[in-house]
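Trainee: Could you take me through a single part of this protein in detail, and place that part within the whole?

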Amino acid sequence: MRACRPALTLVEVTLVLALLVVIGAIVTPILVGSLADARLRHSGDVVRAAWGKARVAAMQSGDPYLFRCEPNGSRYQVERLSALTAEGADAANELPPDNFDEAEYHDADLLRLSRSRLPRGIVFATAEVSAVPQMAAAATTSAGWSSPIMFYPDGTTSEAVVHLANAEGTQLRLTLRGLTGSSRAGNLGEVTP
C-alpha cells in the first residue's frame, strides 16, 4: 500500500506567488526611497569631507584654500587660492569638459574621493556663500563655478549653505560655520519651488 504524501495544489502555489508579488510591490518603493536617501546623505558626507580637507590644507600650508561647485551639476573643486589667481590660471578657473568615464569609477569605490564629483544622480542645487573678501574676488568670476567658499590659515571659513538634491526631489542642506569651520548636515526634505 502506498503512503499518502501531502502535496500543494496548483491553487495553493498560485496563492503564495500572488502574495509574494503583492508584498514585493509594497516593499520595493520603500527600499528604493531608502537607497536614494542614503546616497544623498553619502553625498553630503563627501562634501563635508572636502570642506574638512580644504580647511586642514589651509591651516597646514598657511595659504587660503577655496571650495567651489558646479551649479546644478555634480562637480566640485578644492584648490589653493594662489593657484587660481596666478597668471595662466584660466584653464583651472574654467569648468573642464564633462568627459567622465563611468567605467573608470564605481560608486562602491569609496577610497577614490579625489575625482571631485558627487555620486551619480546627486547635484548641487544651490550654494549660498557669505560676502567674499577682496582677496578671493578674482576667483568669484570664474565661468561655470559657484561663488567660492574660503578656508583661511587661521581655521576660519566663509559662512555657507549648500543644498544637494537628487532626482526624487529630495534635498539635503549642508551648513558651514565661519568662525569654527564646523559643518552640519540637516534633515532630508522636499524641494520647494
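Mentor: What follows is a close look at helix H1, after a few words on the model and the protein. This is a predicted model, in which local features need pLDDT of at least 70 and side-chain atom pairs count only at pLDDT 80 or more, while totals for chains, interfaces and linings use all residues. Residues are numbered from 1 along each chain as its sequence is written, and side-chain values use heavy atoms, with hydrogens and water left out.

The protein has 4 helices and 7 strands, taken as DSSP runs (H or I of at least four residues for helices, E of at least two for strands) and numbered from the N terminus. Their order from the N terminus is α-β-β-α-α-β-α-β-β-β-β.

Helix H1 covers residues 10-61, and its 52 residues reach 74 Å from the first C-alpha to the last, close to the 76 Å expected, where the expected span is 1.5 Å times one less than the number of residues. At Val27 in H1 there is a kink of about 30 degrees, shortly before the proline Pro29; the bend is the angle between axes fitted to the seven residues ending at a position and the seven starting there.

Among the buried residues of H1 are Ala36, Leu40, Gly44, Val47, Trp51 and Ala58, buried being under 20% relative accessible area with a 1.4 Å probe, counting protein chains only. In the protein, buried residues make up 33% of the 193 residues. Leu31, by contrast, lies in H1 and belongs with Val22, Ile23, Ile26, Val27 and Ile30 to a nonpolar patch on the surface. After H1 comes Gly62, whose phi is positive, near 80 degrees.

Definitions and conventions: Buried < 20%, exposed > 50% of the residue type's maximum accessible area, 1.4 Å probe, protein only. Patch = residues over 30% accessible without salt bridge, like charges linked within 9 Å, V, L, I, M, F, W, Y side chains within 5 Å. Areas by Shrake-Rupley, 256 points an atom, 1.4 Å probe, with all protein chains shown as cover. Salt bridge = Lys/Arg side-chain N within 4 Å of Asp/Glu carboxyl O.
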